[in-house]
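Let's take a walk through this one, starting with a pair of helices and ending at a pocket. Keep the viewer open as you read.

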Amino acid sequence: MSPADTAVRAPDVAPAHVRGAFGRLLRAELRLVLGRRRNIVLLVGLALVPLLLGLVLWFTQDTALGGQGPGFVARVTGNGLFLVVAALFLCLPFLLPLTIGIASGDAIAGEAATGTLRYLLVVPVDRTRLLVVKAAGALAFAAAAVLAIALVGLVAGWALFGVGEVTLLSGTTVPVADGVLRVAGIVAYVGLSMTGLVAVGLFFSTLTEVPVGAMAATVVVAVVSAVLDTLPQLAAIRPGLLTHHWFDFAELLRLSPDPGVLAQGMYVQAAWVVVFGSLAWARFTTADVTS
């Protein structure tokens with residue numbers, strides 16, 4: 001092979017090698033995140049929420065407490081699809097942020113604490129690529145957490161209460177297929193609403209070698225945001241708070257959902273992802289973690 005041929009083909013070989021290395025790194029990260037015993041326990045714990053809620057409602061539906069409950073809980077006995085919505089509604093304030101905060105806060109700090117981060121960077125692995133892989137792993141876990149609630153809620157709701165036409169918040173009834181699509185949209189909206197929190201956790205994870213500290217800081221941000229969101233004195237900044245639009249998924253249960261309401265929530269999450277993702281990148285690509 002002539003030098004000229006080598007010069008022409010080299011640019012084609014290098015990108016394929018890089019893509020292959022990135023794919024292996026991503027697959028390894030996903031196996032680590034989704035196969036870690038602690039994370040499996042967290043997912044099982046979340047999956048038990050709709051199951052326990054459904055059983056409680058099933059046993060009490062013929063008593064004086066039947067049909068009572070906050071939010072969408074009272075609708076569950078009439079249609080099992082609402083068990084998915086009710087479970088997400090109950091998990092959103094604390095359980096989901098706690099679970100996702102643990103996974104995202106551990107993404108970088110956990111590797112640093114065990115010393116494997118230094119090994120990865122000495123190999124070497126490009127820091128930006130590694131950060132993207134860690135972010136993908138945290139996002140995959142967040143998606144798995146939301147899906148665990150939704151899938152168990154759907155199966156338990158169908159088994160305990162059956163699935164039929166869905167009565168919207170306006171009182172209008174829509175066919176089952178329409179109702180399933182709306183519930184799927186709610187699941188997707190909740191999952192996307194967790195992306196900002198993942199970015200926050202990733203940023204804190206680059207600041208420390210103590211995973212518990214990063215996990216706690218991530219959860220505290222979600223809790224503080226929720227507290228600030230209740231103060232009318234902060235009306236000017238409330239629309240930009242991390243948690244302000246989390247419950248806007250209820251818009252999908254209106255006869256004619258307003259796309260602007262749903263888009264606003266996604267814009268806020270995108271802004272948090274950009275800001276804290278950039279901070280995480282700036283910190284991780286400049287920090288001395290190899291000494």
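Before the numbers, a word on how they're defined: an axis here is a line fitted to C-alpha atoms, for helices over the stretch in contact, and angles run from 0 to 180 degrees between N-to-C directions. Bear in mind too that this is a predicted model.

Now pull up helix α4, residues 95-114, and helix α6, residues 127-161. The two pack at an angle of about 160 degrees, and their axes sit 10 Å apart. Angles over 145 degrees count as roughly antiparallel, and α4 and α6 are therefore roughly antiparallel to each other. As for handedness, the crossing of α4 past α6 is right-handed.

Who does the touching? On the α4 side, the contact is made by L96, T99, I100, A103, S104, A107, I108 and E111. Facing them from α6 are L131, K134, A138, F141, A142, A145, V146 and I149. Sort the residues of this contact by class and you get twelve nonpolar, two polar and two charged.

Stay with α6, because the largest pocket brings us back to that helix: α6 gives the most to the pocket's lining, with five residues. The space inside comes to about 200 Å³. Its lining is made up of T128, L131, V132, A135, L139, T195, V198, A199, L202, V273, G277 and W281. Besides α6, the elements that give two or more residues are α8 (195-205) and α10 (259-286). And the chemistry of that lining? By class, there are nine nonpolar and three polar residues, with no charged ones.

One residue to click on before you leave is L131: this leucine is part of the α4–α6 contact and also lines the largest pocket.

Methods:
Residues are numbered from 1 along each chain as its sequence is written. This is a predicted model: local features need pLDDT of at least 70, side-chain atom pairs count only at pLDDT 80 or more; totals for chains, interfaces and linings use all residues. Side-chain values use heavy atoms; hydrogens and water are left out. Helices (H or I, at least four residues) and strands (E, at least two) are DSSP runs, numbered from the N terminus. Angles under 35 degrees count as roughly parallel, over 145 as roughly antiparallel, 65 to 115 as roughly perpendicular and the rest as oblique. A crossing is left-handed if the near helix is turned anticlockwise from the far one by less than a right angle, and right-handed if clockwise. Contact means heavy atoms within 4.5 Å. Ala, Val, Leu, Ile, Met, Phe, Trp, Tyr, Cys and Pro count as nonpolar, Asp, Glu, Lys and Arg as charged, and the others, Gly among them, as polar. On a 1 Å grid over the protein atoms alone, a cavity is a set of points where a 1.4 Å probe fits but cannot get out, and a pocket is an open set with protein on both sides within 12 Å along at least five of seven lines; lining residues have an atom within 4 Å of a point. Grid points are joined across faces, edges and corners, and a volume is the space filled by probe spheres set on the points.
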